[in-house]
Amino acid sequence: MSSAQSRQDATRGVLFTFIAFLIWGLFPLYWKPLHHIPALQILCHRIVWSALFVAGILTVRHNWAWLGEAVRQPQKLAIFGLSSLMLSLNWLIYIWAVNAGHVVEASLGYFINPLFNVLLGRLFLAEKLTPIQRSAVLLAAVGVAWITWATGTVPLIALSLAATFGLYGLLRKKAPLASLEGLALETFLMAPLALAALLWFQWQGQGAFLNEAISSDVLLVGAGVVTAIPLLLFAAGARRLKLATVGLIQYIGPTIQLALGVWVFGEAFDSAKLVGFCLIWLALLLYSAAGLLSMRQQKRSAAAA
């Protein structure tokens, strides 16, 4: 590949990844109009319509061969069963948090997540932490502790979002599968339970679908599309970029969420929270600097070889 083609490919990668995190950052605007519907019902619709949407994409691409092989591997199925559970819990907590007026704390969870991933890598994958990474994790812990002390409550929403998404990523490393196929398998595993729950809600007269405004029905059905598209964009972008670049772009999502929480939804963001967030942002700055430093060292080593 020529240098011009390489630059063009990297530019596309940045664009795809940026759009993915932009969509994720704007998610509160999508879920808020559904605040009158219980979060569990929204989650079930998200799973069912996501499964149908990715099934349609797989059909158009004639890309079903991988599923037979996956089904014949009980260990992979078990791991994906756990990963789909973690992903569903993450979605449920996030949807509930947004619709209950906790967008700011939800954004904190996704700011913490990269550092939580570093900690999980040390605990479960025996990955060594550099001094800068250790300092970043410690600083983030101080930030969370400060918010807990200043507000008098542990930020359980933020910690739960960081933990569930971090464990989801850890499980996906144990059984790697391409983004579309991975999302398909996860939603296919959860779809029967989600569909059964939706039928139960309808039978009990508690189902929102077809019993609310047409706009709510459209948003519920569209949940499958808005779930899959940023994941596919992210996969396309990440293949073209270095991890350090993706690591910097990923902060766009929670930054937009924080801005929406404070300036659009009017959630409280006092000086105590600001101090805690600043400590965590400083931790992320150290973490990003460590990634960039590592990338430069690798370039120098490659050039010297």
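**Notes on a predicted model**

1. Let's start on the surface of this predicted model. Val14, Phe18, Leu22, Leu26, Leu29, Trp263 and Val264 together make up a nonpolar patch there, and their combined accessible area is about 670 Å².

2. Which helices supply at least two residues each to this patch? They are α1, spanning 3-25, and α12, spanning 252-264. Helix α1 gives the largest share, with three residues.

3. Have a look at Leu22, one of the patch residues. Leu22 sits in helix α1. Is Leu22 buried, partly exposed or exposed? Its relative accessibility is 31%, so Leu22 counts as partly exposed; the buried class would need a value under 20%.

4. Now turn to Asp217, which belongs to helix α10, residues 214-238. Asp217 is buried, yet has no salt bridge. Where is the nearest side chain of opposite charge? That is Arg46, 17 Å away. Leaving aside residues up to four places away in sequence, Asp217 touches Ala208, Phe209, Leu210 and Glu212.

5. Here is something from the records. An unreviewed UniProt entry carries the annotation "transmembrane region" for several spans, including 12-31, 37-57, 218-236, 248-266 and 272-293. Do keep in mind that such annotations may be inferred rather than shown by experiment.

6. Two of those annotated spans are worth finding in the model. Residues 218-236 are 100% helix and 0% strand, with end C-alpha atoms 27 Å apart. Residues 272-293 are also 100% helix and 0% strand, and here the end C-alpha atoms lie 32 Å apart.

Key:
Residues are numbered from 1 along each chain as its sequence is written. This is a predicted model: local features need pLDDT of at least 70, side-chain atom pairs count only at pLDDT 80 or more; totals for chains, interfaces and linings use all residues. Side-chain values use heavy atoms; hydrogens and water are left out. Helices (H or I, at least four residues) and strands (E, at least two) are DSSP runs, numbered from the N terminus. Buried means under 20% relative accessible area, exposed over 50%, partly exposed in between (1.4 Å probe, protein chains only). Lys and Arg count as positive and Asp and Glu as negative; His and the chain ends are not counted. A salt bridge is a side-chain nitrogen of Lys or Arg within 4 Å of a carboxyl oxygen of Asp or Glu. Contact means heavy atoms within 4.5 Å. Patches are made of residues with over 30% relative accessible area and no salt bridge: like charges are joined within 9 Å, nonpolar side chains (Val, Leu, Ile, Met, Phe, Trp, Tyr) within 5 Å. Accessible areas come from the Shrake-Rupley method with a 1.4 Å probe; for residues, only the protein chains shown count as cover.
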